[in-house]
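Hi,

Here is the structure I promised to pass on. Have a look at it first, then read my notes below.

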Amino acid sequence: MKKYILKNKKLIIFIIVGVIILICCFVLIAIGILKKDNPNQKVNQNNKLTNAEIEKLITNNYLYSYLMQGDVKVGETYAENNDKKYYIVVDELLKDITSIEDINELIENTFTSYRVPTCYTEINESKNNEYLEINNMLYVYKKNVCENFPKLEINNLIQTEVEDGIWIDYDYIGFKLENEDNLWKTGVIIYSCE
């Protein structure tokens, strides 16, 4: 009888240990799934950006405003369209922007989805510079050019992780970056005519 009770105790202990191990496995799997499905967790992993990445976003933001309001450097070559003379863009700041598609990509890769429509509306405003693309070359018809357009200066970058993105401070400017489709973007147009 003692042997029978002893065997049953071993069997019961074995079953209890097995059940505990199974419960632990299920709990660990559930925690893993919850962490994987939490959108805030995805955004907040590896939120640190390099200064070069932040500077690129700030520069692209600046270039957008410069395209709209800046005194874009032009050459003597021009094309006429609707009684307007569009001069070829030879600006060193815009050396990587040679088409309307490049302008669109700059907007789409710099600004959040809720800011993009505003950017496209600004492109079509009568007060801003107009662009034309001919033979893979960009031409501009300048309008109300900002005489005191700010210079691009990036100093003292500080980034702080916030619940839904990264807050960037530099000089006297502060703005938030948000992660959209694994790209960091901003909803703020940082530069404008003074």
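I12 sits in helix α1, which covers residues 2–37. Together with I16 and I20, I12 makes a nonpolar surface patch of about 280 Å². Keep in mind as you read that this is a predicted model.

Stepping back to the whole chain: there are five helices and eight strands, and along the sequence they come in the pattern α-α-α-β-β-α-α-β-β-β-β-β-β.

The part I spent time on is the sheet. Four strands make it up, open and antiparallel in its pairing, in the order β1-β2-β4-β3. At the edges are β1 (74–81) and β3 (130–134), each of them paired on one side only. On average, neighbouring strands in this sheet are turned by 40 degrees against each other, ignoring direction. Helix α4 (residues 100–110) packs on the sheet, where it touches β3 and β4, and its direction makes about 130 degrees with that of β3.

Inside the sheet, β2 (residues 84–89) and β4 (residues 137–141) run antiparallel and are joined by two bridges. If you want a spot to zoom in on, Y87 has V140 in β4 as its bridge partner.

A few overall numbers too. The chain has 194 residues, and 32% of them are buried. Of the contacts with a separation of 6 or more, 61% come from residues 24 or more positions apart. The exposed area of the chain is about 13,100 Å², with carbon and sulfur atoms supplying 55% of it.

Cheers

How values were computed. Residues numbered from 1 in each chain as written. Predicted model: local features only at pLDDT ≥ 70, side-chain atom pairs only at ≥ 80, totals over all residues. Heavy atoms only, no water. Pairing = 2+ DSSP bridges. Axes fitted to C-alpha atoms, helices over the stretch in contact; angles between N-to-C directions. Contact = heavy atoms within 4.5 Å. Patch = residues over 30% accessible without salt bridge, like charges linked within 9 Å, V, L, I, M, F, W, Y side chains within 5 Å. Areas by Shrake-Rupley, 256 points an atom, 1.4 Å probe, with all protein chains shown as cover. Salt bridge = Lys/Arg side-chain N within 4 Å of Asp/Glu carboxyl O. Buried < 20%, exposed > 50% of the residue type's maximum accessible area, 1.4 Å probe, protein only.
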